[in-house]
Amino acid sequence: MSSSTEALARLAAERVDHRFKGLPPDADGLTVAELAAQRRNLFTDGFATPVLALSAERLEHNLKLMETYATRHGLAFAPHGKTSMAPQLFRRQIEHGAWGITLAVPHQVRVARAFGVERIFLANELVDAPALRWIAAELAADPDFRLVCYVDSVRGVELMDAALRGSVRPVDVVVELGAGEGARTGVRTEAECAAVADAVAAVPTLRLVGVAGYEGEVPRADPERVHAWLRRLVALAVDFDKAGRFADADEIIVSAGGSAWFDAVADVLTEIPELSLPVLKLLRSGAYVSHDDVHYRRLTPFNRVPEEGALEPAFRLWAQIVSRPSPEQAFANAGKRDAAYDLDLPVVRVARRGEAEHPAAGIEATALSDQHLWLRTGPEADLEVGDWIGLGLSHPCTSFDKWQLIPLAEADGTVVDYIRTFF
């Protein structure tokens, strides 16, 4: 049994108890595997509200769709794992063709390594000395482990080199090209990129293998500006290659791609000319795995290229009406501890009374307290205390992180697995 399989098996052996909200109280003491084997129904077999569920069918649809998209466009795929921080989903993404997993901070890398992920793209400059020494030890202990990390400053290169002195293997790095003035991280000019590359070439602890960035930070992003920045990224790779800066590499990595502009990434990376080494065109979109009902539903590139398919929102937060103080107002028992609220409020999709489900006509979320969802109800709203409501969420990255163990439910409510997160 592989180390990753063993680690996932340990998750299944974990005992269910008070740590995991929403699960049936009478399941305490069962292992996760034992509870999954019971195939309980989300609505009738003891689950307590609020409870977040993932759709088994929609999750599989999204995994297959992005696998197909990346293959069709000749892209390698390293989905951003910070979205879910769920090793079970990492495994499924890799089974669906992912080159590896993108991560942002050392803790996330430790989680991925604990579950056997062999290829990690760290989309940040890492200057934390203890974390760098730990990565060096991982690289020394496992010849199959590959980590690629951003660099975006000469000072960063100096700090990395100081922490990595004596390492058995160099750490692969890509120069991060900033998306523009006032954007997030990354080197602002091509001349500064060259200076960072020179600094990498001057130390034995790092190996320059490519260029990367994040087009989602392009100021006032629109198709023209995003395409223009991506062409700058490609031109940087071409210039570095002509200058012999990738002489020590086995391949040249050119990487970009969030969840809002991966169609532009596909357009531009196909334009990369033949270089001196094979090119790994690496896409890093992560939110696709669950998609959402508001933010990414609005931004997804599939809205621009509907002929390529459509992602489906896989999250549904179930809450219960606990107060109906007036015909115009109701309150449910889910709040900021349970639902993403950094970008948009939840949207009410359906209501359930007993085993009957009906559309949530005339019901609108207006505010979130810590443990309450405020609802405005119109004359057509069929809602009373005790009813369940199914909520669509916005922004997967701040939905996953509120739940440690998430039921994976089929369309009829049968729970077939439980997804463990590590935030």
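This briefing covers pockets, a cavity, two helix contacts and two backbone features.

The model is predicted: local features need pLDDT of at least 70, side-chain atom pairs count only at pLDDT 80 or more, and totals for chains, interfaces and linings use all residues. Residues are numbered from 1 along each chain as its sequence is written, and side-chain values use heavy atoms, with hydrogens and water left out. The largest pocket has a volume of about 580 Å³, and the second largest has about 340 Å³. One cavity reaches 30 Å³ or more.

**Pockets**

- The largest pocket is lined by 30 residues. H80, K82, R184, Y214 and G258 lie nearest its centre.
- A pocket is an open set of points on a 1 Å grid over the protein atoms alone, with protein on both sides within 12 Å along at least five of seven lines; lining residues have an atom within 4 Å of a point.
- Grid points are joined across faces, edges and corners, and a volume is the space filled by probe spheres set on the points.
- Two or more lining residues of the largest pocket come from each of β4 (119-125) and α11 (295-299). α11 gives the most, with three residues.
- Helices (H or I, at least four residues) and strands (E, at least two) are DSSP runs, numbered from the N terminus.
- The lining of the largest pocket has 12 nonpolar, 12 polar and six charged residues. Ala, Val, Leu, Ile, Met, Phe, Trp, Tyr, Cys and Pro count as nonpolar, Asp, Glu, Lys and Arg as charged, and the others, Gly among them, as polar.
- The second largest pocket is lined by 19 residues, with S55, R316, W318, E410 and A411 nearest its centre.
- At least two residues of that second lining come from each of β1 (51-55), α3 (56-72), β10 (315-326) and β12 (347-353).
- By class, the second lining has 11 nonpolar, two polar and six charged residues.

**Cavity**

- The largest cavity (a set of points where a 1.4 Å probe fits but cannot get out) has a volume of about 40 Å³.
- S259, A287, Y288, H291, Y296, T300 and L311 line the largest cavity.
- This lining has four nonpolar, three polar and no charged residues.

**Helix contacts**

- The axes of α9 (residues 223-242) and α10 (residues 262-269) come within 9 Å and cross at roughly 45°. α9 and α10 are therefore oblique to each other.
- Axes are lines fitted to C-alpha atoms, for helices over the stretch in contact, and angles run from 0 to 180 degrees between N-to-C directions.
- Angles under 35 degrees count as roughly parallel, over 145 as roughly antiparallel, 65 to 115 as roughly perpendicular and the rest as oblique.
- The crossing of α9 and α10 is right-handed (the near helix is turned clockwise from the far one by less than a right angle).
- In contact (heavy atoms within 4.5 Å) are V226, H227, L230, R231 and V234 of α9 and A264, V265, D267, V268 and L269 of α10. These divide into seven nonpolar, one polar and two charged.
- α6 (residues 129-141) and α7 (residues 154-164) pack at about 55°, with axes 9 Å apart. That makes α6 oblique to α7.
- α6 also passes α7 in a right-handed crossing.
- A129, L132, R133 and A136 of α6 meet L159, M160, A163 and L164 of α7. This contact has seven nonpolar residues, no polar and one charged.

**Backbone**

- The peptide bond from T49 to P50 is cis, with omega near -5°. P50 lies in the loop between α2 (32-37) and β1.
- R220, a residue other than glycine, has a positive phi near 50°. R220 sits in the loop between β7 (206-212) and α9.
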